[in-house]
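Please look over the model below before reading on. The report then walks through it part by part.

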Amino acid sequence: MSETMSGRDYSMPAFMHMKRNVLLNPGPSTTTDTVKYAQVVPDICPREKEFASLMKGLREDLVRVVHGDPDVYTSVLFCGSGTINIDVCLNSLLPEGKKALIVNNGAYSTRAAEICAYYGLPYIDLRFPVDELPDLALVEKTLAEDPDIALVHTTHNETGTGILNPIREIGALAHRYGAVFTVDTTSTYAMRPIDIAADNIDFCMASAQKGLMAMTGLSFVIGNRSMIEESRNYPKRSYYCNLFLQYDYFEKTGEMHFTPPVQTIYAAMQALKEYWTEGEEAKWARHTRVFEAIHAGLDELGFRDVIRREEQAGLVVSVRYPDDPAWDFGKVHDYCYERGFTIYPGKISTTDTFRLCALGAIDEEDIHDFFAVFREALDTLGVAVPVRYED
Ligand SMILES: *Cc1c(COP(=O)(O)O)cnc(C)c1O
């Protein structure tokens, strides 16, 4: 059976016995073995027709995930992590002399504002506290007072805290004042159901390693085809990250303008197959089970979360550090990590927090297993349970 080549044994691949890690960080997420193995394919030049036809199916599937009418919406692929999508949308969709409005209550919308600053784009950074929903009356007032605003951007699930923003309402306001609405849906896409038209979204975005439970390196913008075509004559502010340029190349050739992440695309196609098999509703129900198991485990230990429960997107729990001198996030992390569970620091500058996320190919059993290990970590460090807070 053994097939050898230059002294290497290619017969029984070691990857048949892949160790399974449970990632509770906000992406990349735990993947199935079938998605991992989908990357192991015969070498292919991505300029072959065979590969272009795969990408066509992938692009259509990505629109279907958000229930987009394929005559109205399209998807455009990029090679990069999720931030590339925010960069692409903001630098490509703003007409000359117009302004972007960032509805900002967290780290990812702050990133969008920073992108505007880096490109020298006129923008308003409309900031709200990270643990509160944006004030829609203030959003409307800002739009009403500034007719130059041509683009409104916000984040669906602010992954830094786990708060769910009212995108449908913000989108309705953007449209009332004639602005394009772009939404960073990186941490909800293919998890929390999205209906691109009903949710008043013109452009949304994600990358393969989050909701799709595939690999890092493939990101995509899903949006209104005629708006992309309209942007043809907008100022060209980037070469590699221009939305129209990439779209146009896809439409003319079926290919990505520059080398695509070939193996990552095979994994994403397998992940989409598994997405349709599991089904939107069942998948969201599974993430919800995981989320509830996280809350139940935290409640039992006395931990407090940062965002009001009813305002959480159901995917990320931001947890306050307990007021116990024995608590040491790094040590708890290492204890869990050595046992196959990855937990993640918080992203709130004013409060010490950590995060537990419900992304990925995991289920409530994994969360029960995690809490057994987490509890052991607390006991080992001598952290009192239930944990204490001074206020
Ligand atoms: C993960 C994520 C991104 C992308 O971050 P990268 O570090 O570029 O992968 C963007 N927006 C949100 C809301 C995210 O959760």
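What follows covers the ligand site, the strands, the cysteines and a few backbone details.

## The ligand site

This is a predicted model. Start with the ligand. A shell of 13 residues surrounds it. The closest of them are S81, T83, T159, D184 and K210.

What classes of residue make up the shell around the ligand? The shell has 9 polar residues, 3 charged residues and 1 nonpolar residue.

Three side chains have an N or O atom paired with an oxygen atom of the ligand. The table gives each distance.

| Side chain | Partner | Distance |
|---|---|---|
| S81 | ligand oxygen atom | 2.5 Å |
| K210 | ligand oxygen atom | 2.8 Å |
| R111 | ligand oxygen atom | 3.4 Å |

S81 and K210 thus appear twice in this account: both are among the closest residues to the ligand, and the side chain of S81 has an N or O atom 2.5 Å from a ligand oxygen. For K210 the distance is 2.8 Å. How much of the ligand does the protein bury? Taken alone, the ligand exposes 380 Å². The protein buries 86% of that area.

## Strand β12 and its partners

Now turn to the strands. Strands of a sheet pair through backbone hydrogen bonds, and the pairing can be parallel or antiparallel.

Strand β12 spans residues 218–224. Is β12 mostly covered or mostly open? It is mostly covered, with 7 of its 7 residues buried.

Strand β12 is joined to strand β4, residues 73–79, by 7 bridges. These two strands run antiparallel. One of the paired positions is V76, whose bridge partner in β12 is V221.

Strand β11, residues 203–207, is also joined to β12. Here there are 5 bridges, and the strands again run antiparallel. F203 has G223 as its bridge partner in β12.

## A sheet of three strands

Further along the chain, 3 strands form an open sheet. Their order is β13-β16-β15, and the pairing is antiparallel. Why is one side of β13 and of β15 left without a neighbour in the sheet? Strands β13 (316–320) and β15 (344–345) stand at the edges, and each has a single partner strand, so one side of each has no neighbour there.

Strand β16 covers residues 353–357. It is joined to β15 by 2 bridges, and the two run antiparallel. P345 has its bridge partner in β16, namely F354.

## Cysteines

How many disulfides does the structure hold? The count is 0. Two cysteines show the reason in their own case. The closest cysteine sulfur to that of C89 is in C204, at 8.9 Å, which is too far for a bond. C89 is also buried, with a relative accessible area of 0%.

C116 gives a similar picture. Its closest cysteine sulfur is in C89, 11 Å away, and that is too far for a bond. C116 counts as buried too, at 0% relative accessibility.

## S92 in helix α3

Helix α3 runs over residues 83–92, and S92 lies in it. Is S92 buried or exposed? S92 is buried, because its relative accessible area is 1%, and the cut-off for buried is under 20%. The side chain of S92 makes a polar contact with the side chain of N91, at 3.4 Å.

## Backbone details

Two cis peptide bonds deserve a look. One joins G27 and P28, with omega at about -5°. P28 sits in the loop between β3 (22–23) and α1 (33–37). Another joins V385 and P386, with omega at about 0°. P386 is found in the segment after α12 (364–381).

Positive phi values come next. A190 is not a glycine, yet its phi is positive, at about 65°. A190 lies in the loop between β10 (180–184) and β11. It is buried, with a relative accessible area of 5%.

M213 is not a glycine either, and its phi is about 60°. Where does M213 lie? M213 is in the loop between β11 and β12. At 8% relative accessibility, M213 counts as buried.

How values were computed: Residues are numbered from 1 along each chain as its sequence is written. This is a predicted model: local features need pLDDT of at least 70, side-chain atom pairs count only at pLDDT 80 or more; totals for chains, interfaces and linings use all residues. Side-chain values use heavy atoms; hydrogens and water are left out. A residue is near a molecule or strand if one of its heavy atoms lies within 4 Å of it. A polar contact is a pair of N or O atoms within 3.5 Å; within protein, one must be able to donate a hydrogen and the other to accept it, and residues adjacent in sequence count only if both atoms are side-chain atoms. Accessible areas come from the Shrake-Rupley method with a 1.4 Å probe; for residues, only the protein chains shown count as cover. Ala, Val, Leu, Ile, Met, Phe, Trp, Tyr, Cys and Pro count as nonpolar, Asp, Glu, Lys and Arg as charged, and the others, Gly among them, as polar. Two strands pair if DSSP finds at least two bridges between them. Helices (H or I, at least four residues) and strands (E, at least two) are DSSP runs, numbered from the N terminus. Buried means under 20% relative accessible area, exposed over 50%, partly exposed in between (1.4 Å probe, protein chains only). A disulfide is a pair of cysteine sulfur atoms within 2.5 Å.
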